Amino acid sequence: MPGSQARSRARDRNNVLNRPEFMSLNQPPRREPGPGEGRGGGGPRRPVFRQQSQQEDPGVRGSRDSSEGGSGPDAVVKEDCMQLNPSFRGIAINSLLAIDISLSKRLGICAGVRGPGAPLRSMVTLLALTGHALPWFFGTLICLWKSNTLAGQEVLVNLLLALVLDLMTVAGMQKLVKRKGPWDLPPGFMDYIAMDMYSFPAAHASRAVMVSKFLLNHLVLAVPLRILLYLWAVLVGVSRVLLGKHHLSDVGCGFALGFLHFNLVESVWLDSATCQTLISIGTLQWTPLL
């Protein structure tokens, strides 16, 4: 008898179903109470419903919540997937911006003092200075003060108004967009004076195109000078990219904006009488009552 008990105990130990993780398989299935049955005889079956809801699959419960109210975890995942799947237009724009930033950084060889374009930095800076607002404003005012002909004063007054229009428009757009340059260089003293503190659009490029178109349209120049004027406008925009101040897209938009300013000034051209009135007001010699 003791031998048979020892053999049965050994069989129980070797049985896989006697392990703790499989103990629930050895238990007989529990009979669920019916609709009219309860713990004491007729109570509601709330504990069973709670147990079933707790044992319910999380994936099924999440899909049910998303189908009912859209507030389950699957709904959050679906929203994230929708945000991570941009349209073809968004992908194209982001790709072009990435290419623009990469090329602009590679072309900014004169951005640093010890960069690969350090020997050319002084010449490129001087070239960019020719497209600054201050030389053109002071140069136009000096020429207007020295001019003695009505035709010359008419052209110079309209050029001065075109410079003011270009300065205010570009400064307003830069303040609105607030785009940093490819190298995120702080603006200098001359940039603060000309209100050229941000990257988009390029103020030097816009001014260079506007001035070159203005001079080509109102001055009689030889063919070599006309070619040099076009080349100067392009090199001014390129110089700002070499110095790391602007992206390529900033310079391109600056060229387009300068051409637009030129067409706008040409469409609202001030005649000689209006220019003489403005000159009289500016020199405090206007006597309209005499």
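The legends below describe several close-up views of a predicted model.

**Basis of the views.** Because the model is predicted, local features need pLDDT of at least 70 and side-chain atom pairs count only at pLDDT 80 or more, whereas totals for chains, interfaces and linings use all residues. Residues are numbered from 1 along each chain as its sequence is written, and side-chain values use heavy atoms, with hydrogens and water left out.

**View 1. The whole protein chain, with 14 helices and zero strands.** Helices (H or I, at least four residues) and strands (E, at least two) are DSSP runs that are numbered from the N terminus. Buried residues, meaning those under 20% relative accessible area (exposed is over 50%, and partly exposed lies in between, with a 1.4 Å probe and protein chains only), make up 27% of the 290 residues in the protein chain. The chain exposes about 19,500 Å², of which carbon and sulfur atoms supply 66%; the areas come from the Shrake-Rupley method with a 1.4 Å probe, and for residues only the protein chains shown count as cover. Of the contacts (heavy atoms within 4.5 Å) with a separation of 6 or more, 69% are accounted for by residues 24 or more positions apart.

**View 2. The tilted pair of tryptophan 136 and tryptophan 232.** Two aromatic pairs are found in a search of the whole structure. In this one the ring centres are 5.9 Å apart and the planes stand at 55°, so the pair is tilted; rings of Phe, Tyr and Trp (its six-membered ring) pair if their centres lie within 6.5 Å, with planes under 30 degrees apart counted as stacked, over 60 as edge-to-face and the rest as tilted. Tryptophan 136 belongs to helix H8 (residues 133-146) and tryptophan 232 to helix H12 (residues 223-242), so the pair ties together parts that are 96 residues apart in sequence. Tryptophan 136 is partly exposed, at a relative accessible area of 21%, while tryptophan 232 is buried, at 15%. Not counting residues up to four places away in sequence, tryptophan 232 touches Leu127, Thr130, Gly131, Trp136, Ala208 and Ser212.

**View 3. The stacked pair of phenylalanine 214 and tryptophan 269.** Here the ring centres are 5.8 Å apart and the planes are at 25°, so the pair is stacked. Phenylalanine 214 lies in helix H11 (residues 203-218), and tryptophan 269 lies 55 residues away, in the loop between helix H13 (248-267) and helix H14 (272-282). Phenylalanine 214 is buried, with a relative accessible area of 1%, whereas tryptophan 269 is partly exposed at 25% relative accessibility.

**View 4. Salt bridges between distant parts of the chain.** A salt bridge is a side-chain nitrogen of Lys or Arg within 4 Å of a carboxyl oxygen of Asp or Glu, and the count by this rule comes to five. Aspartate 100 forms one with arginine 179, with the closest N and O atoms 3.3 Å apart; aspartate 100 is in helix H6 (residues 88-107), and arginine 179 is 79 residues away in the loop between helix H9 (150-177) and helix H10 (189-193). Both of these residues are buried. In another, the closest N and O atoms of aspartate 191 and lysine 245 are 3.9 Å apart, and the pair links helix H10 with the loop between H12 and H13. Aspartate 191 is buried at 8% relative accessible area, but lysine 245 is partly exposed at 23%. Arginine 240 and aspartate 196 also meet in a salt bridge (3.4 Å, N to O); arginine 240 lies in helix H12 and aspartate 196 in the loop between H10 and H11, so the pair ties together parts that are 44 residues apart in sequence. Both arginine 240 and aspartate 196 are buried. Salt bridges with shared partners join Asp100, Arg179 and Asp250 into one network.

**View 5. The surroundings of serine 206 in helix H11.** Serine 206 counts as buried, at 0% relative accessibility. The side chains of serine 206 and aspartate 166 are joined by a polar contact of 2.5 Å, a term for a pair of N or O atoms within 3.5 Å in which, within protein, one must be able to donate a hydrogen and the other to accept it, while residues adjacent in sequence count only if both atoms are side-chain atoms. Leaving aside its neighbours within four places in sequence, serine 206 is in contact with residues including Asp166, Val170, Gly254, Phe255 and His261.
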